[in-house]
Amino acid sequence: MIPTITAFERSPDHGRGLARDMRVRWALEEVCQPYEVRLVSFSAMKEPAHRALHPFGQIPTYEEGDLALFESGAIVLHIAERHAGLLPDDANARARAITWMFAAVNTVEPPILELVTAKFLEGDRPWSKERLPLIADRIRDRLKQLSARLGDTDWLDGAFSAGDLMMVGVLLRLKASGMLDEYPNLSAYVSRGEARPAFKRAFADQLAVFTGEPQTG
Ligand SMILES: N[C@@H](CCC(=O)N[C@@H](CS)C(=O)NCC(=O)O)C(=O)O
């Protein structure tokens, strides 16, 4: 059964691949699974029909037969568990790859999201100027620790896994800030992710939604 995911009808990032449907598209491309996309407007996301799929009225969602999922990490894990290519066979290595998925969304992403909120939603508040450097410090702490762990290896734990997919997906949000460039191995890590053919196909498809070009498949 071909799954259907949801994505923004008009993404606020103008197709830069920062919306979280990108992670799900990338995972599906990595395991060579076809999928369909239902585009939703901001208002439709808050309607009962969409909230039945996603209690928080957001994208992405994933529907496959009777199964409906939300949360990009859970969706990527579901895909990775059902198709070869994103999780190692060895049980311990698999558990470590899943640990990196959680680390991406639970430890690295929160301060990055704080920055997005502080800049774009709270930038006009009087305390914003003082808050921004504090958040940037918290992000740099995480980047420094991640950079130390990655060292000069290509991926976080052996071969490319769903853990790397989620981590690169999270770090991509920092590209425009220039902060990633302060950690050359992390910047190269993100570039390696972006160079993967599956990433490129997923990126092109989500960009095509914004530009109105036909999808690749
Ligand atoms: N933790 C969720 C976050 C989902 C999320 O924040 N989605 C954003 C797009 S990237 C969204 O739908 N924003 C619109 C809104 O919250 O109204 C996940 O990883 O899927």
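**Exercise 1. Is E71 buried, partly exposed or exposed, and what is its relative accessible area?**

Solution. Keep in mind that this is a predicted model.
- Start with the place: E71 sits in the loop between β4 (67–70) and α4 (72–82).
- Now the number: its relative accessible area is 42%. Partly exposed covers the range between 20% and 50%, so E71 is partly exposed.
- Then check the backbone. Phi of E71 is near 80°, a positive value in a residue other than glycine. Most residues other than glycine have a negative phi.
- Last, look at the side chain: one of its polar atoms lies 2.7 Å from a nitrogen atom of the ligand.

**Exercise 2. Find the residues that surround the ligand, then pick out polar contacts.**

Solution.
- Go round the ligand and you meet F8, A19, R20, F42, M45, K46, Q58, I59, P60, E71 and S72.
- Take R20: an N or O atom in its side chain is 3.0 Å from an oxygen atom of the ligand.
- Take Q58: a polar side-chain atom lies 2.9 Å from an oxygen atom of the ligand.
- Now stop at I59 and P60, which are both in the list. The peptide bond joining them is cis, with omega about 5°. Most peptide bonds are trans.
- P60 itself lies in the loop between α3 (48–51) and β3.

**Exercise 3. Work out which strands pair with β1, and in which sense.**

Solution.
- Locate β1 at residues 4–8; 5 of its 5 residues are buried.
- Try β2 (residues 36–40): it runs parallel to β1, and 5 bridges join the two. As an example, I5 has V37 as its bridge partner in β2.
- Try β3 (residues 61–64): here the pairing with β1 is antiparallel, over 2 bridges. T4 stands opposite E63 in β3.
- Add the helix: β1, α1 (residues 21–30) and β2 together make a right-handed β-α-β unit.

**Exercise 4. Walk from the loop after β1 into α1 and describe S11, H14 and R25.**

Solution.
- S11 is in the loop between β1 and α1. Its relative accessible area is 11%, so it is buried. Its side chain makes a polar contact of 2.6 Å with the side chain of D13.
- H14 lies in the loop between β1 and α1. Though not a glycine, H14 has a positive phi of about 60°.
- R25 is in helix α1. With a relative accessible area of 0%, R25 is buried. Its side chain and that of D21 are joined by a polar contact of 2.8 Å.

**Exercise 5. Follow α5 from its N-terminal end and say where it bends.**

Solution.
- Begin at the cap: D90 caps the N-terminal end of α5, with a side-chain oxygen 3.2 Å from the backbone nitrogen of N92.
- Get the length: α5 covers residues 91–121, which is 31 residues, and reaches 42 Å from its first C-alpha to its last. That's close to the 45 Å expected at 1.5 Å a residue.
- Find the bend: it's at E109, by about 55°, and the proline P110 follows within four residues.
- Carry on past the helix to W127, in the loop between α5 and α6 (128–150). At 39% relative accessible area, W127 is partly exposed.
- Finish with a distance: W127 and I75 are 52 residues apart in sequence and 37 Å apart in space, C-alpha to C-alpha.

Terms used. Residues numbered from 1 in each chain as written. Predicted model: local features only at pLDDT ≥ 70, side-chain atom pairs only at ≥ 80, totals over all residues. Heavy atoms only, no water. Expected span 1.5 Å × (residues − 1). Bend = angle between axes of the 7 residues up to and from the residue. Polar contact = N/O pair within 3.5 Å; in protein donor to acceptor, adjacent residues only side chain to side chain. Buried < 20%, exposed > 50% of the residue type's maximum accessible area, 1.4 Å probe, protein only. Pairing = 2+ DSSP bridges. Right-handed = clockwise from strand over helix to strand, strands pointing away. Near = heavy atom within 4 Å.
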